[in-house]
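Reader: I've got a new structure open and I'd like to learn how to read it. Could you walk me through it?

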Amino acid sequence: MTTNKHFYRAFGMGITSDIEMKELTKSNQISDVSIMRADLIDEWFHIKPGNRRFLVSEEELFFEIKNVGVFRVRGGQTILYDPFPMIENRQLKLFLLGTCMGAILMQRKVLPLHGSAVIIGGLAYAVVGESGAGKSTLARALMKRGYKLISDDILPIQFKEGVPYITSSYAQQKLWVESLDLFKMDTEPYESIMARETKYNVPAGHHFYDGEVELAGIFELSKSERTDITLIEINGLQTFPVLFQHTYRKSFLERMGLTEWHFNVTAQLAASVQIYKLNRPQHKITAEELADYVTKTAQKERSSYAKAK
């Protein structure tokens with residue numbers, strides 16, 4: 001049987017896949033990563049110890065997602081998958097472009113942060129935070145002002161000549177129905193995410209930037225019992241727990257043998273960009289106000305950046 005091959009670029013890599021992925025940008029770039037179907041299920045159920053769903057080593061990540069399938073990620077180059085019966089490609093892609101791609105980046109020693117990032121004044125600003133903090137909603141508010149989205153969900157960060165850069169992932173956001181309502185967007189055109197019927201894949205369209213941009217700042221967005229918004233600079237040792245907490249799939253680091261690497265790269269990142277804690281009221285819609293804080297802070301940072309140059 002002949003398998004169709006699809007060629008894309010994302011996360012700074014050329015990707016070959018036997019599944020069509022409209023989320024990604026088509027490309028003739030030389031393949032760095034291959035995604036293909038393989039027989040994994042029998043092996044998985046033969047070797048997995050107890051009820052563990054993730055087997056992690058320095059060489060590979062081997063795991064099962066209940067009611068979806070079994071996945072194996074090897075050497076920063078190969079993603080294999082074996083779906084359970086009656087599984088749709090959209091369900092597979094949630095994990096192929098999520099957990100699997102996060103593992104690929106770690107294996108290639110590219111720092112994956114969990115958040116959204118937009119470009120303001122030619123520089124990238126990342127928004128990280130716990131699930132439900134409003135990262136993607138804030139990014140959408142900034143996009144409505146004309147700023148470009150460079151990455152959502154996984155933020156690939158690497159250094160070039162001592163300068164941190166963030167690379168585009170795919171031209172899509174994951175937004176809850178409450179966020180769509182906030183921006184007066186109908187849910188009908190969008191596909192809901194598996195097991196999250198009120199969360200949708202929303203294409204970024206012309207608001208997406210495909211490429212790499214210097215990272216200038218990171219905002220940790222969190223909910224607060226206060227009734228106002230607060231912005232606090234985070235410096236010194238306080239930066240380490242922030243960057244660790246918001247590393248994508250951080251639970252893999254130790255078993256992958258990447259603890260020392262992660263400490264060193266986050267120390268370098270903390271020394272290169274300003275990190276802020278942005279607190280928002282828990283029971284109030286503040287997306288536009290938060291966008292004001294981010295843009296004003298970015299403008300100040302840009303002025304300092306220009307003077308330093």
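Author: We'll go through the empty spaces, then the nonpolar cores, then two single residues. Keep in mind that this is a predicted model.

Reader: Where do I start with empty space?

Author: The general idea goes like this: rolling a probe the size of a water molecule over the atoms shows where empty space is left. In this structure there is one cavity of 30 Å³ or more, and about 160 Å³ of space lies in it.

Reader: Which residues lie nearest the centre of the largest cavity?

Author: Look for Arg90, Lys93, Leu94, Gln172 and Asn201, which are part of a lining of 14 residues. By type, that lining splits into five nonpolar, four polar and five charged residues.

Reader: Which element gives the most to the lining of the largest cavity?

Author: That's α2, with five residues. This helix runs over residues 89-107, and β13 (172-176) and β14 (191-193) also supply at least two residues each.

Reader: Okay, now pockets. What volume does the largest pocket have?

Author: About 1,200 Å³. Its lining takes in 47 residues, and Ser131, Gly132, Lys135, Trp176 and Lys199 are the ones nearest the centre. Sorted by type, the lining has 16 nonpolar, 18 polar and 13 charged residues.

Reader: And how much space lies in the second largest pocket?

Author: About 320 Å³. It is lined by 14 residues, with Lys22, Glu23, Lys93, Gln172 and Glu191 closest to the centre. Here the split is five nonpolar, three polar and six charged. Helix α2 turns up again, giving the most to this lining with three residues, and β15 (196-203) supplies at least two. Lys93 and Gln172 are worth highlighting: they are among the residues nearest the centre of the largest cavity, and also among those closest to the centre of this second pocket.

Reader: What about the parts that are filled? Which residues touch the most other members in the largest nonpolar core?

Author: Phe71, Ile79, Leu96, Met101, Leu113, Ile218 and Leu269, out of 70 residues in that core. Once more α2 gives the most, this time with ten residues. Another core lies apart from it, with 32 residues, including Val118, Leu149, Ala204 and Ala216.

Reader: Can I zoom in on one member? What is Phe71 in contact with?

Author: Setting aside neighbours within four places in sequence, Phe71 contacts several residues, among them Leu40, Leu61, Phe62, Leu92, Leu96 and Cys100.

Reader: Now single residues. Is Gly115 buried or exposed?

Author: Compare the relative accessible area with the cut-off: under 20% is called buried. Gly115 has 2% relative accessibility, so it counts as buried. You'll find Gly115 in strand β9, residues 111-120. Its C-alpha is 4.3 Å from that of Val128, although the two are 13 residues apart in sequence. Beyond its neighbours within four places, Gly115 also contacts Lys135 and Asp153, among others. You've met Lys135 already, as one of the residues nearest the centre of the largest pocket.

Reader: Let me try Ser224. Where is Ser224 found, and is it buried or exposed?

Author: Ser224 sits in strand β16, residues 212-224. Its relative accessible area is 13%, so Ser224 is buried.

Reader: What does Ser224 touch?

Author: Leaving out residues up to four places away in sequence, Ser224 touches Asn279, Arg280, Pro281 and Gln282. There's a polar feature to spot too: a polar atom of the Ser224 side chain lies 3.0 Å from the backbone nitrogen of Arg226.

How values were computed
Residues are numbered from 1 along each chain as its sequence is written. This is a predicted model: local features need pLDDT of at least 70, side-chain atom pairs count only at pLDDT 80 or more; totals for chains, interfaces and linings use all residues. Side-chain values use heavy atoms; hydrogens and water are left out. On a 1 Å grid over the protein atoms alone, a cavity is a set of points where a 1.4 Å probe fits but cannot get out, and a pocket is an open set with protein on both sides within 12 Å along at least five of seven lines; lining residues have an atom within 4 Å of a point. Grid points are joined across faces, edges and corners, and a volume is the space filled by probe spheres set on the points. Helices (H or I, at least four residues) and strands (E, at least two) are DSSP runs, numbered from the N terminus. Ala, Val, Leu, Ile, Met, Phe, Trp, Tyr, Cys and Pro count as nonpolar, Asp, Glu, Lys and Arg as charged, and the others, Gly among them, as polar. Buried means under 20% relative accessible area, exposed over 50%, partly exposed in between (1.4 Å probe, protein chains only). A polar contact is a pair of N or O atoms within 3.5 Å; within protein, one must be able to donate a hydrogen and the other to accept it, and residues adjacent in sequence count only if both atoms are side-chain atoms. Contact means heavy atoms within 4.5 Å. A nonpolar core is a set of buried Ala, Val, Leu, Ile, Met, Phe, Trp, Tyr and Cys residues joined through side-chain atoms within 4.5 Å.
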